[in-house]
Amino acid sequence: MVEVQPGLFVHQGKHLDIEEGYDGDICNIGFIIGKQSIAVIDTGGNLKIGQDLLSEIRRRSDLPIHYVINTHVHLDHIYGNAAFLEEGATYLGHENLPKAMQLRKAFYEKLNLDFMGIKSNESIQIPPSQTIKTNEEIIIDLGDRPLKIKAFPEAHTNTDITILDINSKTLWTGDLLFVERTPVIDGDIHGFIDVLSALEKENYNMVVPGHGTPSKNPEQAFAKIKAYLKKLRDEIRLAIDSGMGLDEATQTLVQDESTNWVLFNIQNARNINRVFPMMEWE
Ligand SMILES: [Zn+2]
């Protein structure tokens, strides 16, 4: 765990794909300690990671864990949730999160089994006990440490929320921001670009992305991911207009971004596979 701001701890996952070798530890997880309580933000891809996160918390503080917050539905962010059940925490997430978890349950159980050997009955989903409506902001207080949590319309997924540590002006973005690792679009590319346009106008001291190194230059970090997404959208639009097929598109589009990102070829092709068919109907 790295204390990137006083009382704000981040564990950075490795840049591994969800395939052979996936161990559940690929995204950023962590916690924020206030004067009276603690909030956990994302819990990792399996119960063991959640338990390790809990022991890292207990090495530093005995305060109660009042909140476990999931930034969105993806499996690498949510399958450690059950480690915090006995803490009596409120689980917080987007209003769409309970349904999204349910819809993906069988698929995620299969991935957890195939790559980590975790039996289905040990892949435990804990949905939020309190949800935040799209475009709504709520404030929770950890004791002289207010956090502003905001739920977004469909962007990276349809379950994205951000957490702002108001005192340190640090924004935990979930996967609305990727640093180093190729961005993933599992929602709506237009919505994703719109959200980034809104976020880059704000004035943060630091951003903690869903994947990659926390940045003290939020403007630059948002500009980089937005440039990739806009280029992807522009090139897909041109490809559709010129009659290019999906296969050729996945092989050829946005190649000049390839050296800017880790795991580029595989993820860029997946993004094109998702966005191209959606844009064909626009
Ligand atoms: Zn994600």
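**Exercise 1. Which residue stands opposite F9 in β2?**

Before solving, note that residues are numbered from 1 along each chain as its sequence is written. The model is predicted, so that local features need pLDDT of at least 70 and side-chain atom pairs count only at pLDDT 80 or more, while totals for chains, interfaces and linings use all residues.

Solution. Begin with the elements themselves: strands (E, at least two residues) and helices (H or I, at least four residues) are DSSP runs, numbered from the N terminus. Two strands pair if DSSP finds at least two bridges between them. Strand β2 covers residues 8-11, and β1 pairs with β2 in the antiparallel sense over three bridges. Within this pair, the residue opposite F9 is E3.

**Exercise 2. Place β1 and β2 in their sheet, and find the edge strands.**

Solution. The open sheet has seven strands in the order β1-β2-β3-β4-β5-β6-β7, and its pairing is mixed. Its edges are formed by β1 (2-5) and β7 (130-132), each of which pairs on one side only. Neighbouring strands of this sheet are turned by 25° against each other on average, direction ignored; axes here are lines fitted to C-alpha atoms, for helices over the stretch in contact, and angles run from 0 to 180 degrees between N-to-C directions.

**Exercise 3. Describe the surroundings of β3, from its partners to its side chains.**

Solution. First take the partners: β2 and β3 pair in the antiparallel sense over four bridges, with H11 having I29 as its bridge partner. On to β4, which is joined to β3 by four bridges and also runs antiparallel to it; here I33 stands opposite I38, and a hairpin of four residues links the two strands.

Next consider burial, where a residue is buried if 20 or more other C-beta atoms lie within 10 Å of its own, exposed if 12 or fewer, and partly exposed in between, with C-beta atoms placed from the backbone. Five of the five residues of β3 are buried: I29, F31 and I33 point one way, whereas G30 and I32 point the other way.

Finally, look at the core, a set of buried Ala, Val, Leu, Ile, Met, Phe, Trp, Tyr and Cys residues joined through C-beta atoms within 7 Å. The largest such core has 74 residues, of which F31, I38, A39, V40 and I69 touch the most other members. Helix α5 gives the most to this core, with eight residues.

**Exercise 4. Which strands form the open sheet of five, and why does each edge strand have one side without a neighbour?**

Solution. The strands follow the order β8-β9-β10-β11-β12, with mixed pairing. Because β8 (137-141) and β12 (206-211) each have a single partner strand, one side of each is left without a neighbour in the sheet. Inside the sheet, β10 (residues 161-165) and β11 (residues 170-178) run antiparallel and are joined by three bridges, and D165 stands opposite T170. Helix α5 (residues 218-241) packs on this sheet and touches β11 and β12, its direction making about 15° with that of β11; contact requires that the C-beta atoms of two residues, placed from the backbone, lie within 7 Å.

**Exercise 5. Find the buried side of α4 and what it packs against.**

Solution. In helix α4 (residues 189-199), the buried residues are I189, F192, V195, L196 and L199. They lie on the same side of α4 because they cover an arc of only 125° around the axis, the arc being that of the directions from the helix axis to the C-beta atoms. The buried residues of α4 pack against β11, α5 and α7 (264-280), while the face turned away from the buried side carries the exposed residues S197 and A198.
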